[in-house]
Amino acid sequence: MDVAVAGVGIAGAFALRGLSKSLEVVGIDKREKLGYPVECGEIIPTKKEMKALLPNLDDCSLFDIPKRFESNLTKQVHFVLPNGKTFEIDFEFHVVRRDEMIQTVAEESGHKIMLKRRIKDFRDGKLILEDGEIGAEVYVASDGPNSKIAKAMGMPRPEISPAKQYVMKGVESDEDVVYMYIGKKISPGAYAWIIPKGNGVANVGIGFRPGYADKGDTIVKALDYFVREYPYSSPFLKNAEIVSEIGAVVPVDRPLESAVKMNVLFAGDAASMVISHTGGGIPTAMVAGNAAARTINGFFEGENDLQFYDSLWKKYLYQPLMNAYFLKNLWDKFSDSDKRISRILSFATNSDMEKILRCRIPWKVRLISHLTPILQRVV
Ligand SMILES: Cc1cc2nc3c(=O)[nH]c(=O)nc-3n(C[C@H](O)[C@H](O)[C@H](O)COP(=O)(O)OP(=O)(O)OC[C@H]3O[C@@H](n4cnc5c(N)ncnc54)[C@H](O)[C@@H]3O)c2cc1C
């Protein structure tokens with residue numbers, strides 16, 4: 001093959017979409033049905049928001065999300081503190097049917113796709129599958145947060161956060177609003193969410209970083225408490241039923257410094273290209289998959305080398321991802337206590353929170369970062 005796309009999730013599907021039809025390409029995935037089961041909250045900021053989030057992205061047409069993939073369009077984020085204080089932020093999200101989006105984008109690429117093929121290793125320049133091997137001139141490693149290829153090639157392992165999510169029906173929250181909650185009991189070191197998909201159906205989930213949890217707390221108990229008892233979420237869920245559930249992980253680390261190793265281009269979660277303070281990795285995986293495809297097309301046409309990929313994704317993603325990482329690290333320093341988080345965020349305004357959601361660092365946050373050791377003692 002000219003190109004093997006290893007893992008056809010978001011990054012892999014967008015790599016396939018961008019790869020020239022003149023190349024001999026194969027996409028490989030362990031799943032029986034691409035994108036299924038959905039292990040995601042399924043929100044993607046709208047094109048308008050993406051322009052603000054990734055100001056160096058010269059072509060935002062990737063974010064013209066077709067209506068057929070959209071189950072809801074939300075207008076606000078409500079960010080709820082442990083003391084109940086709520087920031088109401090104008091911010092638009094598409095809530096997508098992520099499985100349908102991956103399947104359609106991959107299929108419409110016209111490239112060959114092999115399903116139910118698990119990659120076990122990457123050795124001697126070849127993908128080792130359970131039932132054979134595949135060799136290609138160039139690889140896209142888009143096999144997600146537990147990338148076998150990254151492991152085989154000795155790439156640094158990112159910090160990951162477990163997450164658990166229910167799809168629920170009969171949810172009575174405002175369907176124009178994505179709710180995000182912070183609190184140690186519901187989501188230690190991360191946040192919990194209610195994401196309305198429309199018609200009373202919602203993705204209801206939590207991130208859970210065990211290092212920030214109280215002894216004896218588990219991800220199962222925390223999600224149950226969020227659904228049944230937490231005063232700011234349970235009223236929306238009192239008549240709701242669980243339709244399905246998943247558990248998965250999301251990288252909450254900085255991206256790889258270089259996402260090219262020999263003839264392998266790492267994209268999406270496999271390269272930890274995630275907005276780490278929100279755990280948002282769909283838009284960054286779309287951009288990375290597309291940038292990998294553009295690099296590979298240029299490589300086969302003799303226009304650029306494979307290192308060009310680093311300059312592309314870094315131009316588009318690096319600064320926002322590093323800002324997110326800075327925010328997440330600062331957050332971590334105050335996450336050991338709900339009182340602390342509520343007190344430190346009592347300094348924040350809606351406008352600060354808007355900036356934070358858009359991966360910008362407000363001056364107050366910079367000040368807090370300089371004063372952290374003192375603030376940790378006094379708040
Ligand atoms: C619970 C949860 C909620 C989230 N919610 C959101 C959200 O609302 N918005 C957002 O932007 N981000 C969200 N994220 C993060 C987002 O889902 C990921 O960052 C994004 O999907 C990354 O895309 P990817 O293509 O890199 O990886 P994936 O989408 O994980 O794709 C990897 C693909 O590789 C395949 N694969 C893996 N290992 C192998 C193997 N050994 N052999 C063959 N195939 C393999 C998998 O089957 C999969 O298809 C969430 C994450 C979690 C866990």
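**Close-up views of the predicted model**

**View 1. The shell around the ligand.** In this predicted model, α1 (10-18), β11, β15 and α7 (282-300) each contribute at least two residues to the shell around the ligand. The residues around the ligand number 37, and those that come nearest are Gly-7, Gly-9, Gly-41, Gly-268 and Gly-281. Sorted by class, the shell is made up of 16 nonpolar, 12 polar and nine charged residues.

**View 2. The open sheet of eight strands and helix α5.** With mixed pairing, the strands of this open sheet follow the order β3-β5-β4-β12-β13-β14-β11-β15. Its edges are formed by β3 (43-45) and β15 (241-251), each of which pairs on one side only. On average, and with direction ignored, neighbouring strands of the sheet are turned by 30 degrees against each other. Helix α5 (residues 219-228) packs on the sheet, where it touches β11, β13 (192-198) and β14 (201-207), and the direction of α5 makes about 135 degrees with that of β14. Between strand β11 (residues 160-169) and β15 the pairing is antiparallel and extends over 10 bridges; within this pair, Ala-163 stands opposite Ala-248 in β15.

**View 3. The open sheet of three strands.** Here the order is β7-β8-β9, and the pairing is antiparallel. Because β7 (119-123) and β9 (132-135) stand at the edges with a single partner strand each, one side of each is left without a neighbour in the sheet. From one strand to the next, the twist averages 25 degrees. Four bridges join β7 to strand β8 (residues 126-129) in the antiparallel sense, and Phe-122 has Leu-127 in β8 as its bridge partner.

**View 4. Surroundings of Leu-19.** Leu-19 lies in the loop between α1 and β2 (25-28), and this residue counts as buried because 28 other C-beta atoms lie within 10 Å. Not counting residues up to four places away in sequence, Leu-19 touches Val-3, Val-25, Ser-109, His-111, Ala-293, Ile-296 and Asn-297.

**View 5. The largest nonpolar core, centred on Ala-141 for this view.** The largest nonpolar core comprises 120 residues, and those with the most contacts inside it are Ala-141, Ala-267 and Ala-288. When neighbours within four places in sequence are left aside, the residues in contact with Ala-141 include Ala-6, Ser-147, Ile-149 and Ala-150, and also Val-264, Leu-265, Phe-266, Ala-267 and Ala-270.

**View 6. Helix α10 and Cys-359.** Within helix α10 (residues 350-357), Lys-355, Ile-356 and Leu-357 are buried, and what covers the buried residues of α10 includes β4 (70-80), β5 (86-96) and α8 (308-334). Just after α10, in the loop between α10 and α11 (363-370), Cys-359 adopts a positive phi near 60 degrees, although this residue is not a glycine. Cys-359 is counted as buried because it has 24 C-beta neighbours inside 10 Å.

**View 7. Backbone geometry at Ser-272 and Pro-37.** Most residues other than glycine have a negative phi, and most peptide bonds are trans. Ser-272, which is not a glycine, nevertheless has a positive phi of about 55 degrees; its place is in the loop between β17 (264-266) and α7, and it counts as buried because 29 C-beta neighbours lie inside 10 Å. Tyr-36 and Pro-37 are joined by a cis peptide bond with an omega of about 0 degrees, and Pro-37 is found in the loop between β2 and β3.

Notes
Residues are numbered from 1 along each chain as its sequence is written. This is a predicted model: local features need pLDDT of at least 70, side-chain atom pairs count only at pLDDT 80 or more; totals for chains, interfaces and linings use all residues. Two strands pair if DSSP finds at least two bridges between them. Axes are lines fitted to C-alpha atoms, for helices over the stretch in contact, and angles run from 0 to 180 degrees between N-to-C directions. Two residues are in contact if their C-beta atoms, placed from the backbone, lie within 7 Å. A residue is near a molecule or strand if its C-beta atom, placed from the backbone, lies within 6 Å of it. Ala, Val, Leu, Ile, Met, Phe, Trp, Tyr, Cys and Pro count as nonpolar, Asp, Glu, Lys and Arg as charged, and the others, Gly among them, as polar. A residue is buried if 20 or more other C-beta atoms lie within 10 Å of its own, exposed if 12 or fewer, and partly exposed in between; C-beta atoms are placed from the backbone. A nonpolar core is a set of buried Ala, Val, Leu, Ile, Met, Phe, Trp, Tyr and Cys residues joined through C-beta atoms within 7 Å.
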